[in-house]
Amino acid sequence: MKHATALKKVDAVAIGGFDGMHEGHQHLFNALGERGAIVVVETGYANLTPGREREHFTTHPIVYLPLDEIRMLDDRGFVDYLRERFPVLSRIVVGYDFRFGLDRKFSHADLSKAFGGAVQVIDEVTVGGESVHSHKIRAKLIIGDVAGANRFLGHNYTVRGDVVRGQGIGKKELVPTVNMLTNGFLLPKEGVYASLARLDGEEHYHPAVSFVGHRVTTDGSFAVETHVLDGEIVCKERIDVSFVQRLRGNEKFASLDALKEQIGRDIAAARKAVGRLEL
Ligand SMILES: Cc1cc2nc3c(=O)[nH]c(=O)nc-3n(C[C@H](O)[C@H](O)[C@H](O)COP(=O)(O)O)c2cc1C
Ligand SMILES: Nc1ncnc2c1ncn2[C@@H]1O[C@H](COP(=O)(O)OP(=O)(O)OP(=O)(O)O)[C@@H](O)[C@H]1O
């Protein structure tokens with residue numbers, strides 16, 4: 001949120017790290033109301049929705065507070081800090097396990113006492129009987145379980161980045177791919193995924209297949225590459241890739257021909273998985 005004047009009208013805030021903007025987080029946002037804002041405590045560790053990426057998953061304004069500014073505050077100090085920034089604040093929304101202050105000493109009960117106004121505590125949100133949390137989503141991505149991560153997120157896990165040049169082999173000998181740099185995002189485990197790709201800020205997503213990993217068959221370097229399934233495309237600057245389903249692991253092939261045959265099978269599998277999906 002850019003304008004101090006807009007902050008003056010905020011009457012409710014949801015507070016947390018909010019990396020991922022997952023199903024649990026969305027329950028907090030749903031309780032905010034029209035003049036509600038999201039307060040992100042920035043630890044510097046967010047890698048599901050790093051920095052302003054969170055803004056893609058809410059219509060509420062977001063205010064970022066560096067952890068260092070608030071980590072030493074006690075319950076009263078924290079409430080004063082909030083009141084200073086949000087002069088008409090009447091409601092604070094937090095989750096069942098919210099903690100704050102040095103060594104995470106204070107709970108929502110302490111916040112409630114110190115604030116005096118309404119502190120709305122959202123019950124634990126679960127998916128398939130499991131509590132939803134950012135660290136669990138990271139754990140799923142690390143083992144390649146993008147479908148599980150997506151169920152917790154409530155949306156497809158999406159990384160965004162700048163287009164970079166590849167080796168130039170793909171177009172000539174395999175299939176054309178868009179290579180990208182994914183600064184700040186956690187990448188799912190090395191392998192091949194059915195995906196959806198948005199090119200240069202287009203409105204719609206294309207069905208696609210993406211490779212994440214070291215190109216052990218060619219130059220060994222690390223790459224995130226996407227082949228779009230629905231015909232020839234142009235993508236010059238930016239690409240958004242949403243991971244939908246893991247197809248297989250990274251493999252070393254004896255020849256480019258063998259890799260090309262496998263890529264043909266990957267394309268068929270991806271077509272089945274995302275041929276008719278929307279983000
Ligand atoms: C669907 C797909 C699957 C791929 N699978 C592998 C793989 O299993 N092992 C590997 O070394 N490279 C794999 N690659 C990466 C290719 O090696 C890469 O596209 C090739 O080196 C060309 O790179 P370039 O686009 O930089 O020219 C895959 C690429 C695609 C599009
Ligand atoms: N599953 C959930 N159900 C209800 N509230 C939740 C849930 N997950 C997080 N929250 C609440 O959302 C806010 C942001 O929490 P936080 O950023 O710590 O999310 P998290 O997913 O628990 O992250 P981490 O896994 O890193 O602990 C907090 O107020 C927290 O209590």
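For the counts that follow, Ala, Val, Leu, Ile, Met, Phe, Trp, Tyr, Cys and Pro are taken as nonpolar, Asp, Glu, Lys and Arg as charged, and the others, Gly among them, as polar. The exercises below concern a predicted model.

**Exercise 1. Describe the shell around ligand 2 by its class make-up, its nearest residues and the elements that supply it.**

Step 1. Sorted by class, the shell around ligand 2 holds 9 nonpolar, 10 polar and 2 charged residues.

Step 2. There are 21 residues around ligand 2, and those that come nearest are Gly16, Gly17, Gly24, Gly95 and His133.

Step 3. At least two residues of this shell come from each of strand S1 (12-16), helix H2 (23-30), strand S4 (91-95) and helix H6 (134-142), and the element that gives the most is H2, with 4 residues.

**Exercise 2. Carry out the analysis for ligand 1, and find which element gives the largest share of its shell.**

Step 1. Around ligand 1 there are 23 residues, of which Gly166, Gln167, Gly170, Phe211 and Thr217 come nearest.

Step 2. Two or more residues of the shell are given by each of helix H8 (169-173), strand S11 (206-214), strand S12 (222-228) and helix H9 (256-274), and the largest share, 3 residues, belongs to H9.

Step 3. By class, the shell around ligand 1 divides into 9 nonpolar, 10 polar and 4 charged residues.

**Exercise 3. Set out how the protein chain is divided into domains, and how many residues of domain 1 and domain 2 are in contact.**

Step 1. The domain assignment places domain 1 at residues 4-131 and domain 2 at residues 156-274.

Step 2. Taken over C-alpha atoms, the centres of domain 1 and domain 2 are separated by 36 Å, while the C-alpha atoms of the protein chain fill a box of roughly 70 × 35 × 35 Å along the principal axes.

Step 3. Contact between the domains involves 5 residues of domain 1 and 4 residues of domain 2, and on the side of domain 1 that touches domain 2 the residues are 2 nonpolar, 2 polar and 1 charged.

**Exercise 4. Work out where the buried residues of helix H4 (75-85) lie around its axis, then do likewise for helix H5 (108-115).**

Step 1. In H4, the buried residues are Phe78, Val79 and Leu82. Because they cover an arc of only 100 degrees around the axis, they are on the same side of H4.

Step 2. These buried residues of H4 pack against strand S1, helix H3 (67-70) and helix H5.

Step 3. In H5, the residues that are buried are His108, Leu111 and Phe115. They fall within an arc of 55 degrees when seen down the axis of H5, so they line one face of the helix.

Step 4. The cover over the buried residues of H5 includes H4, S4 and strand S5 (118-122), and just after H5 the residue Gly116 takes a positive phi of about 85 degrees.

**Exercise 5. Decide whether Val93 and Ala268 are buried or exposed, and place each in its surroundings.**

Step 1. A residue counts as buried if 20 or more other C-beta atoms lie within 10 Å of its own, and as exposed if 12 or fewer do.

Step 2. Val93, which is in strand S4, has 26 C-beta neighbours inside 10 Å and therefore counts as buried. Leaving aside residues up to four places away in sequence, Val93 touches Ala12, Val13, Ala14, Leu28, Ala31, Leu32, Gln120 and Ile122. Although Val93 and Ala31 are 62 residues apart along the chain, their C-alpha atoms are separated by 7.3 Å.

Step 3. Ala268 lies in helix H9, and because it has 12 other C-beta atoms within 10 Å, Ala268 is exposed. The C-alpha atoms of Ala268 and Ala194, which are 74 residues apart along the chain, are separated by 9.9 Å.

**Exercise 6. Establish which strands are joined to S12, and which residues stand opposite Thr226.**

Step 1. Strand S9 (178-181) is joined to S12 by 2 bridges, and S9 and S12 run antiparallel; Val178 stands opposite Thr226 in S12.

Step 2. S11 is joined to S12 by 7 bridges, and this pair also runs antiparallel, with Ser210 standing opposite Thr226.

Step 3. S12 is itself mostly covered, 5 of its 7 residues being buried, whereas in the protein chain of 279 residues buried residues make up 33%.

Technical notes: Residues numbered from 1 in each chain as written. Chains lettered and ligands numbered in written order. Predicted model: local features only at pLDDT ≥ 70, side-chain atom pairs only at ≥ 80, totals over all residues. Near = placed C-beta within 6 Å. Domains from an automatic or database assignment. Contact = placed C-beta atoms within 7 Å. Arc of directions from axis to C-beta. Pairing = 2+ DSSP bridges.
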